[in-house]
Each structure stands twice: as C-alpha cells, then as structure tokens.
Amino acid sequence: MPWDVIFFYTIAAICLFTGLLVVVSESPVHSAIFLVLCFVNVAGIFVMQGAEFLAVLQIIVYSGAVLVLLLFVLMLIDPDKLPSFYTARPLQRYVSLLIGLVLLLEVGAAIITRPAIEAIGPDTPEAIAAVGGNVQAIGRIIFTDYALALEMTSLVLTVGVVGAVVLGLPERLGEKARESRSTISLGHPRGSSDILGPGPRFETPIDVPAGRTTAPQGPRKVVMAKSPDDYTRAGEISR
Amino acid sequence: MDQPIWITFLVTFLILNVLLIGMAYVTWFERKVLARFQDRLGPTRTGPFGLLQPIADAVKLLGKEDLVPAAADRWVFLFAPVVTFMTALIAAAVIPFGDTVSIFGQNVDLFAADLNVAALFVLAVGGVGIYGIILGGWASANRFSLLGALRSAAQVVSYELILGFSLVGIFIMTGTLSLREIMLQQYETLSIGPFEISNWFILSQPLAFVLFMIAAVAETNRAPFDLPEAESELVAGFHTEYSSFRFSLYFLGEYISMMVISLFASTLFLGGTSGPGVEKYWGLGILWLVLKVVAFLFFYVWLRATLPRFRFDQLMGLAWKVLLPLALLNILLTAFFRLLANGQVF
Amino acid sequence: MSEITVNHFLFLSAALFIIGMMGVLTRRNVLVIFMCVEMMVAAASITLVAFAQETHTINGQAFVLFALAVAAAEAAVGLAIIIALARRGTAPDINQMQELRD
C-alpha cells in the first residue's frame, strides 16, 4: 500500500478544494475558515517534502496568528457593510476562469517539459540527519550564511509592529467617542435601537407594564454595543 | 519506525482512552479539591466519594435540549466546539510516556509519535484550538458571545507567545525540539556539591518554569485568567448559546487541554517519567508522570480557589509588559550562560 | 503515478497559485483578496521547498522562513490600514478604495 501516494492525493485534493471554496464563498468568515483548512493542508505537504519545521511554523504563524488577526478584523468591521461576492460584471468572473485555465495548462506544460535538475546540493537526507534533523540544518544556515537576512527580517517585523500600532491609534490621541453611548442594553428588545427594531417578546428580561410598547423615551439612548470600543465607552453620559 | 503499525494504533488508542477517562475524573478531582478549599465536601452522594459524579454529569448534560439559535451560522456553530475538543486531544500525540521498551520481546514505543519538532507541534495545535472559541462566539449570532470570544482569543494568542518564549531557554540547553529527547536528557544526573539529583530543567530554568505556568493557566482560560468565560461576566462569554452536548464539548476540551499542558510541563520541566527506579521498571515511570500531572492539576485548582479574577486590560498588560520582557531576559541569560560554559565568551 | 515526484508538488503549487490569482481578480472584499494573496505566497512556498528537496539544498527552506516572516509583517500592516480606513467610513470594498491611488 503506497501510503505516501494516498496521503499526497488526499491532502492535495483537500487543499485545492478548500482553496477553491475560499474564492467562491459568499461570507468572508467562511472564506477565512476554509483558508485555515487550506493552510493546515499546506503544512501537511511541507511535512511530506521533509520540511517539518516549516510545517509547524506555517501553522503557528499563518493559521494561529495571521488568520486569527484577519478574523478579528472581519468580525469587528460592520457586517452590514461587507460587500457581496459577485462583482458587477459576471463577465469578469468568466474571463478570470478562462485565464486561470489557460495559465494552468501553460504552467503544466512547462513543468512536464522541464529538464531534470541533478541532486547536487550538500544537504542530502543523510547529511541533515547527521546534523541532528531539519531544524538544526535550517538553524545552521540561517545563522551563518543568511545572518544578514535574519537581522533584516527582524527589522521588518519590528517596523511592521510599530506601523500597525501607529495606524491603529485614534485620530487624535485622547479624543472621546464620536458618538456618545449612554447605556448598554443586555438584550433589552424594546429600546429605541434603530438597528434592531422590536425584538421577540419572550426575550424581555424585565417586566414591562401592560400597554407599554417602547422603552421610556428620555435623554438616555439605549443602544447595543457593536464593537468592543462601544462596550468600553458605554459608561459615558451623552452630552 | 521499526514497529508494526498495529502497535502504534494500540498505543495511541490506549493514550486516547486514558486521556478521556482522566478528563472525566479531573472534573471530579476539581470539584472535590475546590470544595475542600471552600470548607465543604463536594460530591459525596453519587457513588462512594462521589466517584460516579462525572457519569451523572454526562447523563444530565446529554439529556438537555440542544438549541441552535435561529440566526446562527449553522455549520460553523456545530463544528466550533469539535475543533476545540479535537485539537486538545491531538496535542497529546507527542507526549512521551516512556522510551522504547521491550514487551514480550517486541519493541514498543511508549508514545504515539516522536517528531523532531514535537514541542512546536504542541504550540501549533494549541494555536489552532483558538478557532473553536472564535468561531463559537461568531456563530452564536450574539454580540456578547462574539466579544467574549474575541477577548478570549486575544488572551490566548498573547499567552501562547509567552509559552513559546519560555521554552526557548530549554531548547538552547538541549539543542533539540523533540520531547522524547528532552525527557531523556533529564535522566542524567547532576552533581551539585555532594548531592546527585536528576537534571530536571526546573532547576536550571526556574524563571522559565514560572512564566510557563502562568502562561499555561492563561492559555486554558482558567482562573484567574478566565474573564472571557466566567459565569458572572458577559453572560458566560462565548459559550452562552451552547447547550447540552456542545457545551460539554467546550467544557471538556478545556479540561483536556489542562491535562495536556500539565503533561507537557511535566515532560519539559520535571523530567517526565524520570524518578527513582525507572531504569528497571518502566511502569514506575508512568506512575511518576501521573503523580507530576496530578500535582500540576492540583496547582490549577488551587489557583482557581484562591485568586480573584484579572480584569481584561490587567491580563493583557501583564502579558505584554511584564511576562514578555521577562521571557526575553530568560533567553538572554540562558544563552549567555551556555556560551560561558562552552568557553566562547571570554 | 506510483511514486510522488517533485513534479507532483509543482503541479499542486501551480494550481493553488492560480486559484489564488483568480480570487484576487474576482472578489470585491478587500479581506478576501488579502486571503488569496496569502494563498499565493503559500503556493510559492511549496514550490521553493519542492526544489529544495530535489536539489538537496536547504536554502529553499530558509527562503520560505523569511518569506513567512515578511508576509506576517505585511499582514499586520495591511490589516491595520484596512481598520484605519474602516474607521473613516470606507467599506472594505476594493472599488471604493480606488481613491487611495489618487
């Protein structure tokens, strides 16, 4: 039973299928979930190619950090404003599909007719095992031959962190919320919330006197928090 | 891998079963110990000493109505708790319960897999486990679940970083990422003056151990870091909308990850199966490992009984402003001392 | 196909890259476009590691390591830009973001 053949085709099939679903899904959150699955399968492919360190790094960095960040941003941006999948012109979809197929055939032809490269390098599997394994081999090379690239990468990451923090700061430091929130409602369905409208009657947590259909109108607006910022600023009284 | 594949399956099956039964009885253990801390008895009526309590709990939870909110994203809602539960179990695949022993003449590995990146594997799988929380919060179509989930995810990601950094010191000292080799290196004896003790890494990396324990408690969303899912906050956080079996999957997934992190900590810092008498009887090694895991679980419950809950900004401030610099300091010191020992500094 | 050769991995990588490319060309949501770009980077990584395996050099894997790190930094900054734009009222829609060009 050629296990590696079975594994390769299974992992490759799931990888391509989930990749396709990333492109095709209506909801961006579904796309993100499928991308996580795709990357876990890519990590599996790395393991098959003998790059175990890269496989776990792929999962830790991409699936475990970058995509979590992406999901955060997706979930915090107002879901009403997310554009739908279909572009205005379906022609664009068919043309891109055509281009994709043509390109796939072209690249496939290039792959089949490429000249075989000889295994001339020094890092044969025996040499890698002698050094102690994949991790040790990568460690040796990045700290000697590619030490400069390593330092530059750490610089890039530092600059990235600083840039992200600066871009995330509010427009003017110390400014108060643009819109005031006065009370946070734990599911009060009859507040004057213009987003939700009248809620289901069985959800009301308090006894509403008979005959009353809306919350008492007053200077305090009852709104639902739509983002963590709203939640933390909920204590501010409206001006 | 020179052992036939059915042995690997058998060992994996045994490990899985031990984990699942252990998880049920960790709940019993917690309730009893927590009760004693609070000057009461805990479960006593279901079976002797309340030992059948987990079974009673399971029957009760399974009997509840399984609600799926109407506005919820159905498939994601159904799969999110499964992700948490599965990843918690998968992480146990690389924990060594011993070295390769010979039973009835056949070489048996007392672990499911010996990866040469095993320590990172546990971190990676733990990282994928947060999707169970995020997706559970999102799929519930409940803004408060979502906020609780995002808070929990932010906490887990930050503390996962600390977890990883606290282990770098051990990697510097052992030169390998394989958990089996890290465990075997702790079998060697260290002579401190007239004493000869096992080379457990808790002695050479005390700061890393403290950081690891704090990060481990935060990773599993346990007290005092359990703000995102505490009962009095945010209406029980991301699993508000879950009931019956799905809720129990989250709940049990948390206990399994507690156990797996305890196993992980025992292997990395306390020598795993090392203890007196292991060279002759490998069964004793498993006993020592179990005792160490019970000690860690007791520590978890002790923390829950004793400390008040952190506020979310305090929690994040602790991770990024205190623990991360300490972890980096630990790495610097370990590297410095290692180079000093190798004679490469002066 | 009784054995997996390097060409198999190259095909897989090409297919994944092309799927990502089609996503970038077709979708309107900026975050999904971003996801497809990450998919393209992953496909390129598979190619690099495949060639590293074929020529028995480890440099390909080191390259992928650095590419991973740089892609993570790019992700952080890109998402911060999207959040900053969303705060000012621009939806994450690529047609609305054309104004950044000007």
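Biologist: What makes the contact between the side chains of A:R114 and C:E54 a salt bridge?

Modeller: A salt bridge requires a side-chain nitrogen of Lys or Arg within 4 Å of a carboxyl oxygen of Asp or Glu. The N to O distance between A:R114 and C:E54 is 3.3 Å, so the pair satisfies the definition. This is a predicted model, in which local features need pLDDT of at least 70 and side-chain atom pairs count only at pLDDT 80 or more, while totals for chains, interfaces and linings use all residues. Residues are numbered from 1 along each chain as its sequence is written, chains are lettered from A and ligands numbered from 1 in the order in which they are written, and side-chain values use heavy atoms, with hydrogens and water left out.

Biologist: Where do A:R114 and C:E54 lie, given that the pair crosses between chains?

Modeller: A:R114 belongs to the loop between α4 (90-112) and α5 (125-131) of chain A, and C:E54 to helix α2 (residues 30-55) of chain C. Helices here are DSSP runs (H or I, at least four residues), numbered from the N terminus.

Biologist: Why is C:E54 called buried?

Modeller: Buried means under 20% relative accessible area, exposed over 50%, and partly exposed in between (1.4 Å probe, protein chains only). C:E54 has a relative accessible area of 15%, and is therefore buried.

Biologist: What makes B:R304 and B:E30 a pair that ties together separate parts of chain B?

Modeller: Their side chains form a salt bridge at 2.6 Å, N to O. B:R304 lies in helix α10 (residues 282-306) and B:E30 in helix α1 (residues 5-37), so the bridge joins parts 274 residues apart in sequence. B:E30, at 2% relative accessibility, is buried, whereas B:R304, at 34%, is partly exposed. Both residues are also linked with B:R222 in a network of salt bridges.

Biologist: How is it known whether B:D313 is buried, exposed or partly exposed?

Modeller: Its relative accessibility is 47%, and B:D313 therefore counts as partly exposed. Its salt-bridge partner B:R311, with closest N and O atoms 2.8 Å apart, is likewise partly exposed at 48%.

Biologist: Why is the largest nonpolar core said to lie between two domains of chain A?

Modeller: A nonpolar core is a set of buried Ala, Val, Leu, Ile, Met, Phe, Trp, Tyr and Cys residues joined through side-chain atoms within 4.5 Å. The largest has 165 residues, and helix α3 (residues 52-76) of chain A gives the most to this core, with 17 residues. Domain 1 (1-83) and domain 2 (117-169) of chain A both contribute residues, so the core lies between them; the domain bounds come from an automatic or database domain assignment.

Definitions and conventions. Helix = DSSP H or I, 4+ residues; strand = E, 2+ residues; numbered from the N terminus.
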